[in-house]
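Please read the following report alongside the sequence and the model. It takes up one strand to begin with and then moves outward to the rest of the chain.

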Amino acid sequence: MQAEAHVPRPGSCGPAVLAYVGLGANLGDALATLREAVAALRALPAVDEVRVSPVYRSAPIESSGPDYLNAVAAVVTTLPPLDFLARLQAIEQAHGRLRPYRNAPRTLDLDLLLWGQDRIALPELEVPHPRMHERAFVLAPLADLDPDLVVPGRGPARVLLDAVQDQRLVRLADSLVPGDPACGVTP
């Protein structure tokens, strides 16, 4: 999927950018929540395309609680990065996301992982996500979406994934898209 090939929607804010969003949940009906989050991403203004990786189950890292369900979405958008981040946080809040402490269990976690090939260093946003290269539950779905993906400043996602092979990760389903037969898979 090439962001340059997309024409921005009327009323959009700028050129189309291919962003990657990490999706995770480990409280409540995590699979249903991830499906709802994908639908919410698709409904955002100035979003032209959303592709979603397979779903994975992973053990919490630097955290406690039940296993997580994770996926990554590739999103073509014309929103500016901070506006897009605010929309992601609104989706989290709509699903009951609380932040009582760092790495607390959560109903929904949406992380802005990549913004094209840009590097962003702001108090409220750091892209590439600062720990994504240390997380199999991010790298495996990224590599599913784009086997040749290069994380700016870090290298190819497939190579980074080799360094975290010791992290437990189980592929569960092929899609979070309603109507897709893989959505019937119950983790």
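## A strand and its two partners

Gly24 stands opposite Asp109 in strand S5, where strands, like helices, are DSSP runs numbered from the N terminus (E, at least two residues, for a strand; H or I, at least four, for a helix). The model is a predicted one, in which local features need pLDDT of at least 70 and side-chain atom pairs count only at pLDDT 80 or more, while totals for chains, interfaces and linings use all residues. Residues are numbered from 1 along each chain as its sequence is written, and side-chain values use heavy atoms, with hydrogens and water left out.

Strand S1 covers residues 17-25, and 6 bridges join S1 to S5 (residues 109-115) in an antiparallel arrangement; two strands are said to pair if DSSP finds at least two bridges between them. S1 also pairs with strand S4 (residues 68-77), again in the antiparallel sense, over 9 bridges, and there the bridge partner of Gly22 is Val72 in S4.

## How S1 is covered

In a regular strand the side chains alternate between the two faces of the sheet. In S1, Val17, Ala19, Val21, Leu23 and Ala25 lie on one side, with Leu18, Tyr20, Gly22 and Gly24 on the other, and both faces are covered. Of the 9 residues of S1, 9 are buried, a word that stands for under 20% relative accessible area, with exposed meaning over 50% and partly exposed in between (1.4 Å probe, protein chains only).

## The nonpolar cores

A nonpolar core is a set of buried Ala, Val, Leu, Ile, Met, Phe, Trp, Tyr and Cys residues joined through side-chain atoms within 4.5 Å. The largest one has 34 residues, and those with the most contacts inside it are Leu41, Val75, Phe84, Leu110, Leu112, Trp115 and Leu176. The elements that give two or more residues to this core are S1, helix H1 (30-43), strand S2 (47-52), S4, helix H2 (81-94), S5 and strand S7 (125-127), and H1 gives the most, with 6 residues.

Val75 shows the surroundings of one such residue: leaving aside neighbours within four places in sequence, Val75 is in contact (heavy atoms within 4.5 Å) with Val17, Leu18, Ala19, Val21, Leu41, Val47, Glu49, Val50 and Phe84. A second, separate core of 22 residues includes Tyr56, Ala136, Leu145 and Val151.

## An aromatic pair

A pair of aromatic rings is described by the distance of the centres and the angle of the planes. Rings of Phe, Tyr and Trp (its six-membered ring) pair if their centres lie within 6.5 Å, and planes under 30 degrees apart count as stacked, over 60 as edge-to-face and the rest as tilted. A search of the whole structure finds 1 aromatic pair. The rings of Phe84 and Trp115 have centres 5.7 Å apart and planes at 55°, so the pair is tilted.

Because Phe84 lies in helix H2 and Trp115 in strand S5, the pair ties together parts that are 31 residues apart in sequence. Phe84 is buried at 0% relative accessibility, and Trp115 is likewise buried, with a relative accessible area of 4%.

## Salt bridges

The structure holds 4 salt bridges, each being a side-chain nitrogen of Lys or Arg within 4 Å of a carboxyl oxygen of Asp or Glu. Arg135 forms one with Glu62, the closest N and O atoms being 3.7 Å apart. This pair links distant parts of the chain, 73 residues apart, with Arg135 in the loop between S7 and helix H3 (136-145) and Glu62 in the loop between strand S3 (55-58) and S4. Arg135 counts as buried at 9% relative accessibility, whereas Glu62 counts as exposed at 52%.

The side chains of Glu134 and Arg135 also meet in a salt bridge, at 3.8 Å from N to O, and Glu62, Glu134 and Arg135 are thereby linked in a network. Asp109, named at the start, meets Arg106 in a salt bridge of 3.0 Å, N to O, and both residues are buried.

## The chain overall

The secondary structure comes to 4 helices and 10 strands, following the pattern β-α-β-β-β-α-β-β-β-α-β-β-α-β along the sequence. Of the 187 residues of the chain, 47% count as buried. In helix H3, 8 of the 10 residues are buried, so the helix is largely enclosed by the rest of the structure.
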